[in-house]
Amino acid sequence: MTQAHLHLKNVDITFNGQLNSHEGFKGWLRQLVAGKKTNASYQIEALKNIDIEINQGERVGLIGLNGAGKSTLLKVMAGIYPPTGGNVKIKGHVCPMFEFATGFEMSQSGWDNIRIRGMLLGMSPEAIEAKLPEIAEFTELGEFLDYPVRTYSSGMFIRLAFAVSTSINPEILLIDEVMGAGDIAFAEKAKRRMFEFMEQGKILVFTTHNFGLLNDFCSRTIWLHKGKIVADGPTAEIVKRYNDTHARGVKIPT
């Protein structure tokens with residue numbers, strides 16, 4: 001059996017576009033009359049020269065300020081963003097858990113959306129039907145599964161998405177702040193399922209601002225700042241460096 005593996009080598013992600021392109025002809029004319037440059041372009045280097053290797057059984061946290069590149073990095077690992085430079089090699093079934101509205105049909109019931117999301121994650125119709133009772137029980141949504149998901153709160157979305165995504169037993173699980181949302185009882189239940197997942201020796205990559213959860217789940221942590229890796233090592237060590245740096249107001253090298 002092939003072991004799960006993630007390897008990013010010299011990975012860059014650059015976003016290019018045009019400023020004020022949404023304003024159309026009138027916006028262009030206003031800029032021209034005002035003597036401003038028109039059709040100005042922008043370039044954002046979201047990730048720069050990222051080297052990461054994650055092997056079977058590793059539990060890796062991603063930390064950094066908002067805009068550091070954590071979510072972008074998860075999307076590269078999920079195959080959503082192709083790198084503009086470098087190489088990405090992935091072995092194993094990847095299950096991303098972010099952007100919870102993606103893959104939901106708002107006018108359909110919770111039951112129907114379990115089936116739809118399961119198929120998007122690669123489950124067969126037979127496998128989905130077999131797991132329906134287990135998934136429904138885990139969500140604790142009860143009769144709300146009969147209602148259109150457009151009536152759901154954000155916490156209910158998280159329950160449904162988490163229950164389906166973790167029921168397929170993925171080899172690589174990517175989580176973006178999911179544990180920080182929802183009620184306390186469900187968060188504890190989700191934590192127990194995460195520990196069960198990790199006991200099976202799978203790969204977990206988890207981005208969060210909650211260092212309590214980080215210490216619970218991750219033995220290794222990567223600190224990102226402005227799209228670059230500042231440090232990569234044992235969680236306790238990296239979190240201490242991160243907190244000490246921000247407490248002293250020390251400039252972070254980029």
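Which residue in E7 stands opposite glycine 61? Select glycine 61 and look across: the residue opposite is phenylalanine 206.

**Before you go on**

This is a predicted model, in which local features need pLDDT of at least 70 and side-chain atom pairs count only at pLDDT 80 or more, while totals for chains, interfaces and linings use all residues. Residues are numbered from 1 along each chain as its sequence is written, and side-chain values use heavy atoms, with hydrogens and water left out.

**Stop 1: the whole chain**

Show the protein chain as a cartoon. You will find 8 helices and 9 strands; these are DSSP runs numbered from the N terminus, with helices (H or I) of at least four residues and strands (E) of at least two. Of the 254 residues, 44% are buried (buried means under 20% relative accessible area, exposed over 50%, partly exposed in between, with a 1.4 Å probe and protein chains only).

**Stop 2: the sheet**

Now select the strands in the order E5-E6-E7-E3-E8-E9: they form an open sheet of 6 strands with mixed pairing. Two strands pair if DSSP finds at least two bridges between them. In the middle of your selection, strand E3 (residues 59-63) and strand E7 (residues 203-207) run parallel and are joined by 4 bridges.

Next, colour E5 (94-97) and E9 (228-234). These strands stand at the edges with a single partner strand each, so one side of each has no neighbour in the sheet.

**Stop 3: helices across the sheet**

Add helix H2 (residues 70-77). H2 lies across E3, E5, E6 (172-176), E7 and E8 (220-225), and runs at about 155 degrees to E6. Then add helix H6 (residues 184-199), which lies across E3, E6 and E7 at about 140 degrees to E7. For such angles, axes are lines fitted to C-alpha atoms, for helices over the stretch in contact, and the angles run from 0 to 180 degrees between N-to-C directions.

**Stop 4: H5 beside H6**

Keep H6 and add helix H5 (residues 154-167). The axes of H5 and H6 come within 12 Å and cross at roughly 10 degrees. That makes H5 roughly parallel to H6 (angles under 35 degrees count as roughly parallel, over 145 as roughly antiparallel, 65 to 115 as roughly perpendicular and the rest as oblique). Show side chains where they touch: among the residues in contact are Phe162 and Ala163 of H5, and Phe186 and Met194 of H6. Contact means heavy atoms within 4.5 Å.

**Stop 5: H4 against H5**

Select helix H4 (residues 125-139), which packs with H5 at an angle of about 140 degrees, their axes 9 Å apart. H4 is therefore oblique to H5. Look for Ile135 and Phe138 of H4, which are among the residues meeting H5, where Leu160 and Val164 are included in the contact. The residues of this contact divide into 6 nonpolar, 2 polar and 3 charged. In this grouping, Ala, Val, Leu, Ile, Met, Phe, Trp, Tyr, Cys and Pro count as nonpolar, Asp, Glu, Lys and Arg as charged, and the others, Gly among them, as polar.

**Stop 6: H3 against H4**

Move to helix H3 (residues 110-120), whose axis comes within 11 Å of that of H4, crossing at roughly 125 degrees. H3 and H4 are therefore oblique to each other. Among the residues that meet here are Trp111 and Met119 in H3, with Leu132 and Ala136 in H4.

**Last stop: histidine 246**

Finally, select histidine 246 in helix H8 (residues 235-248). Is histidine 246 buried or partly exposed? Histidine 246 is partly exposed, because its relative accessible area is 33%. Leaving aside neighbours within four places in sequence, histidine 246 is in contact with Leu65, Trp223 and Ile252.
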